[in-house]
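Reader: Please take one loop of this model and go through it closely. Cover its backbone, its side chains and its contacts, then set it against what can be said about other loops.

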Amino acid sequence: MAIIITDECINCGACEPECPNTAIYEGADDWRWKDGTKLSGKVILPDGSEVDAEDAQTPISDDIYYIVPGKCTECKGFHEEPQCAAVCPVDCCVPDDNHVESDELLLERQAFLHNE
């Protein structure tokens, strides 16, 4: 399951530097597949779609920090728990019921993002 940042976010930014996949972005900021990963150029995503890892993607939120579900691994392969949730002072980094995923899938995503 990916993590989501709820509307209770106070935009403190504590979560952003903790993400090992650079899946967390400030509201209204574009994101890229290459950010914090080893992806570059044209890549085939696990869902079969092709993207250019360097291209800017549309922000998921304009108001608060957000997590890109396709880059979130819940810190599997890096830490014992999601680091965003561990450092959040208002507990707004919570499991995303719309993106329920197995540990196996999260570890496969971690390997994909970091070419392992």
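Author: What follows starts with one loop and then moves on to other parts of the chain. The model is a predicted one.

The loop in question runs between strand 5 (66-67) and helix 1 (83-87), and glutamate 74 is placed in it. Cysteine 75 lies in this loop between strand 5 and helix 1 as well. Lysine 76 is also in the loop between strand 5 and helix 1.

The backbone comes first. Most residues other than glycine have a negative phi. Glutamate 74 departs from that pattern, with a positive phi of about 55° although it is not a glycine. Cysteine 75 has a positive phi too, about 70°, and is not a glycine either.

Next comes the exposure of these residues. Glutamate 74 has a relative accessibility of 16%, so it counts as buried, the cut-off for that class being under 20%. Cysteine 75, at 7% relative accessibility, is buried as well. Lysine 76, in contrast, has a relative accessibility of 23% and therefore counts as partly exposed.

Lysine 76 also provides a link out of the loop. Its side chain meets that of aspartate 103 in a salt bridge, with an N to O distance of 3.5 Å. Aspartate 103 belongs to helix 2 (residues 103-113), so the pair ties the loop to a part of the chain 27 residues apart from it in sequence. Aspartate 103 has a relative accessibility of 45% and counts as partly exposed.

How many salt bridges does a search of the whole structure find? The count is 2. Besides the pair of lysine 76 and aspartate 103, arginine 109 forms a salt bridge with glutamate 101, the closest N and O atoms being 2.6 Å apart. Both partners in this second pair are buried: arginine 109 has a relative accessibility of 12%, and glutamate 101 has one of 18%.

The cysteines need a separate word. The number of disulfides is 0, where a disulfide would call for two cysteine sulfur atoms within 2.5 Å. Cysteine 12 is in no disulfide, and the nearest cysteine sulfur to it, in cysteine 88, is 6.1 Å away. Cysteine 12 is partly exposed, with a relative accessible area of 46%. For cysteine 72, the closest cysteine sulfur is that of cysteine 84, and because the two sulfurs are 6.3 Å apart they are too far for a bond. Cysteine 72 counts as buried, at 7% relative accessibility.

Other loops can now be set beside this one. Aspartate 7 is found in the loop between strand 1 (3-5) and strand 2 (24-25). With a relative accessible area of 72%, aspartate 7 is exposed. It takes part in a negative surface patch that is formed by Asp7, Glu8, Asp62 and Asp63. Aspartate 7 and cysteine 93 are 86 residues apart along the chain, yet their C-alpha atoms are separated by 9.9 Å.

In the loop between strand 3 (42-44) and strand 4 (50-52) sits proline 46, which counts as exposed at 66% relative accessibility. Here the sequence separation is 10 residues: the C-alpha atom of proline 46 is 19 Å from that of alanine 56.

The loop between strand 4 and strand 5 holds alanine 53. Is alanine 53 buried or exposed? At 0% relative accessibility, alanine 53 is buried. Alanine 53 and lysine 34 are 5.0 Å apart in space, C-alpha to C-alpha, and 19 residues apart in sequence.

To return to the loop between strand 5 and helix 1: two of its residues, glutamate 74 and cysteine 75, have a positive phi. Glutamate 74 and cysteine 75 are also buried, while lysine 76 is partly exposed and joins the loop to helix 2 through aspartate 103.

Terms used
Residues numbered from 1 in each chain as written. Predicted model: local features only at pLDDT ≥ 70, side-chain atom pairs only at ≥ 80, totals over all residues. Heavy atoms only, no water. Helix = DSSP H or I, 4+ residues; strand = E, 2+ residues; numbered from the N terminus. Buried < 20%, exposed > 50% of the residue type's maximum accessible area, 1.4 Å probe, protein only. Patch = residues over 30% accessible without salt bridge, like charges linked within 9 Å, V, L, I, M, F, W, Y side chains within 5 Å. Areas by Shrake-Rupley, 256 points an atom, 1.4 Å probe, with all protein chains shown as cover. Salt bridge = Lys/Arg side-chain N within 4 Å of Asp/Glu carboxyl O. Lys, Arg positive; Asp, Glu negative; His and termini not counted. Charge placed at Lys NZ, Arg CZ, Asp CG, Glu CD.
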